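Let's take a walk through this protein together. Keep the 3D view open and follow along as we go from one spot to the next.

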Amino acid sequence: MRRALLLALTLGGCGTEPSNAVADSPGARLEAAAQTAGIVSDPNAPLQGSWARDTDRVCVFGTGKTSRVGVSVDYGEDQTCAASGTVSRSGDVLKLAFGACTFDARFDGDRIVFPAEVPAACESLCTGRASLAAVTVDRLSESRSEAATLRSSGGKLLCGN
């Protein structure tokens, strides 16, 4: 009798929970309301907007699988980096390509973190002792129009047309 009851309980747990029960759970409704109110960002939303910290700036413009990205680092006195390229997102990994300079960055929705070491091909994007290594920026805005206006210290549009 115990074996039959144990078997019934074990087999009963093998099915899948109906998807509408998960989607209609209190937690799912709370998360959807928070996203609608703008309290938390939608993790599946297109990557776009502006990020900054100190004089480091990053813009992402576009809503497709691959978007335009620009980065500007300006430490003054000819210590700058400026690059335009493409970015594609896979979960929390951003695949950045600035011509021959390609690397993966980390994305958590509110912050973008470049790796501590970038390929040697990235050196040509910078002057002086500036570098794209370890650039860390926080989200400023999800506005596409704001992202499209980011310029390098030389005045070149980095994400816009």
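On the surface of this predicted model, Asp92, Asp108, Asp110 and Glu142 come together as a patch of negative charge. Pick out one of its members, aspartate 110, and trace the chain around it: this residue sits in the loop that runs between strand S6 (101-107) and strand S7 (111-113). Is aspartate 110 buried or exposed? The relative accessible area of aspartate 110 is 46%, so this residue counts as partly exposed, because that label covers values between 20% and 50%.

Now let's turn to the aromatic rings. The structure has three aromatic pairs. One of them joins phenylalanine 98 and phenylalanine 103: their ring centres are 6.2 Å apart and their planes meet at 50 degrees, so this pair is described as tilted. The reason is that planes under 30 degrees apart would count as stacked and those over 60 as edge-to-face. Both partners are worth checking for cover. Phenylalanine 98 has a relative accessible area of 5%, so it is buried, and phenylalanine 103 is buried too, with 7%. Together with Phe114, Phe98 and Phe103 make up one aromatic cluster.

For a last stop, find threonine 86 in strand S4 (residues 80-90). Threonine 86 is partly exposed, its relative accessible area being 36%. Where does valine 60 lie relative to threonine 86? The two are 26 residues apart along the chain, and 8.7 Å separates their C-alpha atoms.

Terms used: Residues are numbered from 1 along each chain as its sequence is written. This is a predicted model: local features need pLDDT of at least 70, side-chain atom pairs count only at pLDDT 80 or more; totals for chains, interfaces and linings use all residues. Side-chain values use heavy atoms; hydrogens and water are left out. Patches are made of residues with over 30% relative accessible area and no salt bridge: like charges are joined within 9 Å, nonpolar side chains (Val, Leu, Ile, Met, Phe, Trp, Tyr) within 5 Å. Accessible areas come from the Shrake-Rupley method with a 1.4 Å probe; for residues, only the protein chains shown count as cover. A salt bridge is a side-chain nitrogen of Lys or Arg within 4 Å of a carboxyl oxygen of Asp or Glu. Lys and Arg count as positive and Asp and Glu as negative; His and the chain ends are not counted. The place of a charge is taken as NZ of Lys, CZ of Arg, CG of Asp or CD of Glu. Helices (H or I, at least four residues) and strands (E, at least two) are DSSP runs, numbered from the N terminus. Buried means under 20% relative accessible area, exposed over 50%, partly exposed in between (1.4 Å probe, protein chains only). Rings of Phe, Tyr and Trp (its six-membered ring) pair if their centres lie within 6.5 Å; planes under 30 degrees apart count as stacked, over 60 as edge-to-face and the rest as tilted.
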